[in-house]
Amino acid sequence: MKNKTIYVGIDVDDTSFHFNAVCKDTGEFIEDKTKPNASSLLKQLDRLKSKHYTVKCCYEASYCGFGLQRFLSKNGFDTQVIAPSSLMRRSGKHIKTDRLDAKQLAIQFSNDQLTYVNIPSDEDIQDRS
């Protein structure tokens, strides 16, 4: 059985992590939120993986830096950090909710419409220090 790819957009903030997942093969959308820590998010992503999905994650570059990306990658999840300026937003009235932001991230990620931030290696970080 071939795994279907599911694209997960994560909206990171201090009160919770909202995530929305989209599977282009089935048209399925999954929406949920977790406590604002990486281990809670990992449990939810492991549930998706257990349903035979190949899970690809992304989140918008923010105050949390690359820590979440490194944590998820070490735990087997392909994770990208997205440049906030690459998100396409509708003009006019904009309703800002974490749930909708996560959904837009997932949709645009699944359609390869986002620009990824270059993640510095551990050596690069040491050189900068």
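## Helix packing, cores and selected residues

Helix 1 and helix 2 are oblique to each other. In this predicted model, the two helices, residues 38-50 and residues 67-74, pack at an angle of about 40°, and their axes lie 11 Å apart. That angle counts as oblique because it is neither under 35 degrees nor in the range 65 to 115. The crossing of helix 1 and helix 2 is right-handed. On the side of helix 1, the contact is made by Ala38, Ser39, Leu41, Leu42 and Leu45, and on the side of helix 2 by Leu68, Phe71 and Leu72. Sorted by class, the contact of helix 1 with helix 2 has seven nonpolar residues, one polar residue and no charged residues.

Next, the nonpolar cores. In soluble globular proteins, nonpolar side chains tend to be buried together. Here the largest nonpolar core has 21 residues. Val8, Ile10, Leu45 and Val55 are the residues with the most contacts inside this core. Leu45 is also one of the helix 1 residues in the contact with helix 2. Two or more residues of the core come from each of strand 1 (4-12), strand 2 (17-23), helix 1, strand 4 (53-60) and helix 2. A second, separate core has nine residues, among them Ile82, Leu105, Phe109 and Leu114.

Which residues does Val8 contact, leaving aside its neighbours within four places in sequence? Val8 is in contact with Phe19, Asn20 and Ala21, with Leu45 and Leu48, with Val55, Lys56, Cys57 and Cys58, and with Ala106 and Phe109. Of these partners, Leu45 and Val55 are listed with Val8 among the residues with the most contacts inside the largest core, while Phe109 is included in the second core.

Two further buried residues can be described by their contacts. Thr34 is found in strand 3, which covers residues 28-34. Its relative accessibility is 8%, so Thr34 counts as buried. Not counting residues up to four places away in sequence, Thr34 touches Ser16, Phe17, Phe19, Ser40, Leu41 and Gln44. Phe19 is also a contact of Val8, and Leu41 takes part in the contact between helix 1 and helix 2.

Ala83 lies in the loop between strand 5 (78-82) and helix 3 (98-110). With a relative accessibility of 15%, Ala83 counts as buried because the cut-off is under 20%. Leaving aside neighbours within four places in sequence, Ala83 is in contact with Thr115 and Val117. Ala83 and Asn118 are 35 residues apart along the chain, and their C-alpha atoms are separated by 9.4 Å.

Three other loop residues are partly exposed or exposed, as the table shows.

| Residue | Loop | Relative accessible area | State |
|---|---|---|---|
| Gly27 | between strand 2 and strand 3 | 47% | partly exposed |
| His52 | between helix 1 and strand 4 | 46% | partly exposed |
| Asp112 | between helix 3 and helix 4 (122-128) | 59% | exposed |

Two of these residues have a positive phi without being glycine. For His52, phi is near 65°. For Asp112, phi is about 55°. Gly27 and Leu68 are 41 residues apart in sequence, and the distance between them, C-alpha to C-alpha, is 27 Å. Leu68 belongs to helix 2 and takes part in its contact with helix 1.

Conventions. Residues numbered from 1 in each chain as written. Predicted model: local features only at pLDDT ≥ 70, side-chain atom pairs only at ≥ 80, totals over all residues. Heavy atoms only, no water. Helix = DSSP H or I, 4+ residues; strand = E, 2+ residues; numbered from the N terminus. Buried < 20%, exposed > 50% of the residue type's maximum accessible area, 1.4 Å probe, protein only. Contact = heavy atoms within 4.5 Å. Axes fitted to C-alpha atoms, helices over the stretch in contact; angles between N-to-C directions. Parallel < 35°, antiparallel > 145°, perpendicular 65-115°, else oblique. Left-handed = near helix turned anticlockwise from the far one by under 90°. Nonpolar A, V, L, I, M, F, W, Y, C, P; charged D, E, K, R; others polar. Core = buried A, V, L, I, M, F, W, Y, C linked by side-chain atoms within 4.5 Å.
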